[in-house]
Structure formats: structure tokens, C-alpha cells
Amino acid sequence: MSLHDEQKARLEAITAWAVRVRTTLSDTLAAHAGEVHFRPGSTGVSMVGLLPDRPQRGKSGIKNLDRLARDFEVLFARYCRDIEQGRATGEKALQSA
């Protein structure tokens, strides 16, 4: 497989995850606008918190979007809200804004 073919396959996988996010998590995104972002990757999705006091905290490698939608409140609290921030940086705050 050529590099071009590998890149194309990876971008197609990311696009497929983006479509799944939009269809499966649209209600969650609407209910929590400005608090969370779901970043598609080639093998799953990352949940990224956008909270000012916990910028860019989250969980990667999520594959079960139905479970994420169903258990969002618990998962968001565990990985984005009720967690130590760690080293605060202006870059994280800027990314979350």
C-alpha cells in the first residue's frame, strides 16, 4: 500500500468517526455546548472537556458512542470535571476557548 493510500484510508476512517459523532452524540453536544468537544480519530473518538478550570482534560480511545451518549454525565465527571488539572498552561486554556 502506498503512502497516499495509507493517508487516504486514515482520513476516511477519521471522517467515518466524525459522522458517527454527529449522528450519535448530537443531543449530547447540544445539551453541553461549550463544555465538551468530541475529536474524531482514525480508531475512535476523544472526549475533550472545555471547562475553564479544567481545560483539555478528557478521555481518548472511545469506540462505543452509544455507551458514551448513555453514560455521558458519569464519564464527563470522571474524565473532564472531577479530576486534577495537572500543570496549568495558557495553551490548554486557549485551546478550550
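A salt bridge here is a side-chain nitrogen of Lys or Arg within 4 Å of a carboxyl oxygen of Asp or Glu. With that in hand, welcome to a quick tour of this predicted model. Lys8 and Glu12 meet the criterion, with their closest N and O atoms 3.9 Å apart, and the whole structure holds 5 salt bridges. The protein has 97 residues, of which 28% are buried, and its elements comprise 5 helices and 3 strands.

**Overall layout**

- Going along the sequence, the elements come in the order α-α-β-β-β-α-α-α.
- Among contacts with a separation of 6 or more, 51% link residues that are 24 or more positions apart.
- The protein exposes about 6,400 Å², and 52% of that area comes from carbon and sulfur atoms.

**Helix α4 and its packing**

- Helix α4 spans residues 72-81, and its buried residues are Phe72, Leu75, Phe76, Ala77 and Cys80.
- Two helices take part in the packing against these buried residues of α4: α2 (26-31) and α3 (65-70).
- Strands β1 (36-40), β2 and β3 (58-62) also pack against the buried residues of α4.

**Ser46 in strand β2**

- Ser46 sits in strand β2, which runs over residues 45-49.
- Is Ser46 buried or exposed? Ser46 counts as buried because its relative accessible area is 18%, and the cut-off for burial is under 20%.
- Beyond its neighbours within four places in sequence, Ser46 touches His37, Phe38 and Arg39, and also Lys59, Ser60 and Gly61.

**Asn64 in the β3-α3 loop**

- Asn64 belongs to the loop between β3 and α3.
- With a relative accessibility of 44%, Asn64 is partly exposed.
- A polar atom of the Asn64 side chain lies 2.9 Å from the backbone nitrogen of Arg67.
- Asn64 and Val45 are 19 residues apart along the chain, and their C-alpha atoms are separated by 9.0 Å.

**The Lys8-Glu12 pair in helix α1**

- Why are Lys8 and Glu12 separated by about one helical turn? The two are 4 residues apart in helix α1 (residues 3-24), so about one turn lies between them.
- An α-helix has 3.6 residues a turn, so residues three or four places apart point the same way.
- Side chains of opposite charge can pair when their charged atoms come close.
- Lys8 is partly exposed at a relative accessible area of 46%, and Glu12 is partly exposed at 47%.

**Other salt bridges**

- Arg54 pairs with Asp53 in a salt bridge whose closest N and O atoms are 3.9 Å apart.
- Arg54 has a relative accessibility of 23%, so Arg54 counts as partly exposed.
- Which residue forms a salt bridge with Arg67? Arg67 pairs with Asp71, the closest N and O atoms being 3.7 Å apart.
- Shared salt-bridge partners join Arg67, Arg70 and Asp71 into one network.
- Both ends of the Arg67-Asp71 bridge are partly exposed: Arg67 has a relative accessible area of 39%, and Asp71 has one of 23%.
- Arg67 therefore appears in two settings, since its backbone nitrogen lies 2.9 Å from a polar side-chain atom of Asn64 and Arg67 is partly exposed.

Notes. Residues numbered from 1 in each chain as written. Predicted model: local features only at pLDDT ≥ 70, side-chain atom pairs only at ≥ 80, totals over all residues. Heavy atoms only, no water. Buried < 20%, exposed > 50% of the residue type's maximum accessible area, 1.4 Å probe, protein only. Contact = heavy atoms within 4.5 Å. Areas by Shrake-Rupley, 256 points an atom, 1.4 Å probe, with all protein chains shown as cover. Polar contact = N/O pair within 3.5 Å; in protein donor to acceptor, adjacent residues only side chain to side chain.
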